Amino acid sequence: MRRPSWSGVGARLGLALLVVLAGALALVYLIVVPSLQSRLVDSRVSQLERAAKGLARNLPADRAEWPDFLESASSSANARVVVFDSTGPPPALLVVGDSHGANSADVQNDRLALDVSEALRPAGGTVTHGGQRYAEAAAPVRDTASVLLVQSPLRDALTTVRLARNRLLLAGGLALLAALTVGYLGAWLFARRLRKLEAAAERIAAGRFDEPIYDTGADEVGQLARTFDRMRERLATLDHARRQFIANASHELRTPLFSLGGFLELMTDEELDEETRREFLTTMREQVDRLAKLATELLDLSRADAGQLRVERKPLDLGEAAESVVDEFAALAPAGGRSLELSVAEGARVLGDEQRALQIGRVLVENALVHTPPGTQVRVRVRDCSLIVEDDGPGIPAEHAQRVFERFYRAEGRLTSGSGLGLAIARELTHAMGGTLELESRPGRTAFTLRLPAEAAETRAPERAVS
């Protein structure tokens, strides 16, 4: 099984998770460790400052009592206690008492104690002696020139900080390792789902629409997979319709061409009487009309796809357009055993392209006359700003009603011939004129309704192109 590439999307998300977690841990480290160390050091300095002030106030006047006092003070404060006498000028300090005994060379020139002897006010801070850090506090002894210093190593506090830092680093390392593992697995799973979509896209691009696309995830990838599957179904339907259209177009082209060829051969090679010649010419004209209609549909379709199907929007009388269409089919309706009626309301003035409105009307009336059973009554009505073509045929099933405007689509049981382009082109033209073309169908009634915008004050609107 192929492993995920670290340049893939899923792997990048896993690495992004790792980087974010590492950044968060680094931020926590930078905030917690210095803050903890600062708080511990400040806390110890504050304790020593309070202790230094109290001891300076309680230092016995009799220096003979200082050794016992310093030992007791050192025990209670858990710190070293040193007493200095200030000498000078220049200012200098002389150790006169030390809870650690006579070896006081390391604090002989303590900077903090010297500053306090000069300023005569308590102070605290940290110093480093012999590579070791100490917390110190000093306070002047009342009514004397002496200074009391309290000093404590920060070894315990710094050890606590180092322990916390090591624990934090260990926990961070484990968290990063867990994040790397989870990120890698997540990247593998994520990339696996994306590879399935990639393979599905390749199948669709190759024209194979038979294999469904499954992804049960509720996230964006799952939604994308379901969208891909809907696209696959629509493309499969379109591909099937395209194949049917090619077969139908080939048949519809071949039939009139063969017919024309046969008639031309007969008219060339045979001696025909005038009546037979006229009959042949009439049939040939019908075949030419059939070819012209198919060519017009294909041309309109290609123009619509190229965004070059232009229509005009100017005032027209929808009733007059309906009368023209009905007149064209007046002879065809009885020949097929169907009746054609017209009902026009006054004042049906709309904005549209007259030739395109006639084209749409022809498509709707021809659809009703040709694709419904004999004995069907077809009614053409004009009212308000609508042209309605309805029949009392068996209707269009609901599963087909939503798709009759799709290109190449032919609903079984109703549209039994033709290219399946007429209604699709009619809808394209309707939308280009700013109108709507709707279908309402139930057993015993099927109605197509063309609605166009009402006539406006202007006499002509700019041309519009279908894109």
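Is Glu-455 buried, partly exposed or exposed? Select Glu-455 to find out: its relative accessible area is 36%, so Glu-455 is partly exposed. Keep in mind throughout that this is a predicted model.

**Stop 1: a long-range pair**

Keep Glu-455 selected and add Arg-349. The two side chains meet in a salt bridge, with N to O at 3.1 Å. Now colour by element of secondary structure to see where the partners sit. Glu-455 is in the loop between strand E12 (445-451) and strand E13 (461-466), while Arg-349 belongs to strand E8 (residues 349-352). The pair links distant parts of the chain, with the two positions 106 residues apart. Arg-349 has a relative accessible area of 34%, so this residue is partly exposed too. If you like, list the other salt bridges in your viewer: the structure holds 16.

**Stop 2: a salt-bridge network**

Next, select Arg-379, Arg-381, Glu-390, Glu-440, Arg-442 and Arg-445, and show them as sticks. These six residues are linked in a network of salt bridges. Zoom in on Arg-381 and Glu-390, whose closest N and O atoms are 3.2 Å apart in their salt bridge. Both of these residues are buried.

Then move over to Glu-440 and Arg-445. Their side chains also form a salt bridge, at 3.4 Å from N to O. Turn on a surface and compare the two partners. Glu-440, with a relative accessible area of 44%, is partly exposed. Arg-445 counts as buried, because its relative accessibility is 17% and the cut-off for buried is under 20%.

**Stop 3: helix H9**

Select residues 354-370, which make up helix H9. Try a quick geometry check on the end C-alpha atoms. At 1.5 Å a residue, the 17 residues of H9 should span 24 Å, and the ends are 24 Å apart in the model, which agrees.

How many of the 17 residues of H9 are buried? The count is 12, so H9 is largely enclosed by the rest of the structure. Hide the surroundings and pick out some of these buried residues. Among them are the nonpolar-looking names you might go for, such as Leu-358, Ile-360, Val-363 and Leu-364, but also Arg-356, Gln-359 and Asn-367. Before leaving, look at the start of H9, where a side-chain oxygen of Asp-353 comes to within 3.1 Å of the backbone nitrogen of Gln-355.

**Stop 4: helix H7**

Now go back along the chain to residues 318-329, helix H7. Run the same kind of check here. The 12 residues of H7 should span 16 Å at 1.5 Å a residue; the end C-alpha atoms are 17 Å apart, which agrees.

Colour Leu-318, Gly-319, Ala-321, Ala-322, Val-325, Val-326 and Phe-329, which are the buried residues to look at in H7. Then rotate until you look straight down the axis of H7: the buried residues fall within an arc of 160°, so they line one face of the helix. An α-helix has 3.6 residues a turn, so residues three or four places apart point the same way. On the other side of H7, select Glu-320 and Asp-327, which are exposed. At the start of H7, a side-chain oxygen of Asp-317 reaches to within 2.8 Å of the backbone nitrogen of Gly-319.

**Stop 5: around strand E2**

Which residue's side chain does the side chain of Ser-104 contact? Select Ser-104, in the loop between strand E2 (92-98) and helix H3 (111-119). Its side chain makes a polar contact with that of Asp-98, at 2.6 Å. Ser-104 counts as buried, with 7% relative accessibility.

Shift the focus to Asp-98, which lies in strand E2. At 11% relative accessibility, Asp-98 counts as buried. Its side chain also reaches the backbone nitrogen of His-100, at 2.9 Å.

Stay in strand E2 and pick Leu-93. Leu-93 counts as buried at 8% relative accessibility. Put a distance label between the C-alpha atoms of Leu-93 and Leu-114: they are 21 residues apart along the chain, yet separated by 6.7 Å.

**Last stop: a patch on the surface**

Finish by selecting Leu-27, Val-28, Ile-31 and Val-32 with the surface on. Together they make a nonpolar surface patch of about 340 Å². Click on Val-28, which lies in helix H1 (residues 9-58). Val-28 is partly exposed, at a relative accessible area of 36%.

Conventions:
Residues are numbered from 1 along each chain as its sequence is written. This is a predicted model: local features need pLDDT of at least 70, side-chain atom pairs count only at pLDDT 80 or more; totals for chains, interfaces and linings use all residues. Side-chain values use heavy atoms; hydrogens and water are left out. Patches are made of residues with over 30% relative accessible area and no salt bridge: like charges are joined within 9 Å, nonpolar side chains (Val, Leu, Ile, Met, Phe, Trp, Tyr) within 5 Å. Accessible areas come from the Shrake-Rupley method with a 1.4 Å probe; for residues, only the protein chains shown count as cover. A salt bridge is a side-chain nitrogen of Lys or Arg within 4 Å of a carboxyl oxygen of Asp or Glu. Helices (H or I, at least four residues) and strands (E, at least two) are DSSP runs, numbered from the N terminus. Buried means under 20% relative accessible area, exposed over 50%, partly exposed in between (1.4 Å probe, protein chains only). The expected span of a helix is 1.5 Å times one less than its number of residues. The arc is that of the directions from the helix axis to the C-beta atoms. A polar contact is a pair of N or O atoms within 3.5 Å; within protein, one must be able to donate a hydrogen and the other to accept it, and residues adjacent in sequence count only if both atoms are side-chain atoms.
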